[in-house]
Amino acid sequence: MMLLGLSSRKFSNHLPDFIAVHAGDMIWAMMVYFGFRFLFIRKSLLLAGVLSILFSFGIEGSQLYQADWLNQLRDTTIGALILGKGFLFMDLIRYSSGILLACIIDTFFVWRSKGD
């Protein structure tokens, strides 16, 4: 997911505009979801979804806090990738869409694995 997300940013000029604008945040949220699924593998998909929403919305909300030390951290590459730069309501929609898509993908694979 990290490679896909970074590629969506690096090669955005080769992607359709809609995908170039929205894919990075959706993929970031999908990565968060799959990270929680990895950490809590024996727990429900719902738990991973709720934790992902809380984490993603928390990170976005933290962008409303503009302390100097935090902005210096956000000015680094890793800080910008994890913490973002500034609050955008649209990011909340992108995160929600990415987590929903990850849940659908996850449900499909869980359902398939139980069918085997």
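**Exercise 1.** In this predicted model, determine whether Leu-88 is buried, partly exposed or exposed.

*Solution.* The relative accessible area of Leu-88 is 46%. Residues count as buried under 20% and as exposed over 50%, with partly exposed in between. Leu-88 is therefore partly exposed. As to its position, Leu-88 lies in the loop between α5 (77-83) and α6 (89-115).

**Exercise 2.** Identify the residues that form a nonpolar surface patch with Leu-88.

*Solution.* Leu-88 shares the patch with Leu-64, Phe-87, Phe-89, Met-90 and Ile-93. Together, the members of this patch, Leu-88 included, have about 580 Å² of accessible area. For the protein as a whole, the accessible surface comes to about 7800 Å², and carbon and sulfur atoms account for 73% of it.

**Exercise 3.** Describe the overall architecture of the protein.

*Solution.* The protein contains six helices and zero strands, and the order from the N terminus is α-α-α-α-α-α. Of its 116 residues, 32% are buried. Among contacts between residues at least 6 apart in sequence, 56% join residues at least 24 apart.

**Exercise 4.** Locate the largest nonpolar core and state which elements contribute two or more residues to it.

*Solution.* This core has 16 residues, of which Trp-28, Ala-29, Tyr-33, Tyr-95 and Ile-99 touch the most other members. Two or more residues come from each of α2 (17-39), α3 (45-62) and α6. The largest share, six residues, belongs to α2.

Tyr-33 may then be examined in detail. Beyond its neighbours within four places in sequence, Tyr-33 is in contact with Leu-45, Ala-48, Gly-49, Ser-52, Ile-99, Ala-102, Cys-103 and Asp-106.

Terms used
Residues numbered from 1 in each chain as written. Predicted model: local features only at pLDDT ≥ 70, side-chain atom pairs only at ≥ 80, totals over all residues. Heavy atoms only, no water. Helix = DSSP H or I, 4+ residues; strand = E, 2+ residues; numbered from the N terminus. Buried < 20%, exposed > 50% of the residue type's maximum accessible area, 1.4 Å probe, protein only. Contact = heavy atoms within 4.5 Å. Areas by Shrake-Rupley, 256 points an atom, 1.4 Å probe, with all protein chains shown as cover. Patch = residues over 30% accessible without salt bridge, like charges linked within 9 Å, V, L, I, M, F, W, Y side chains within 5 Å. Salt bridge = Lys/Arg side-chain N within 4 Å of Asp/Glu carboxyl O. Core = buried A, V, L, I, M, F, W, Y, C linked by side-chain atoms within 4.5 Å.
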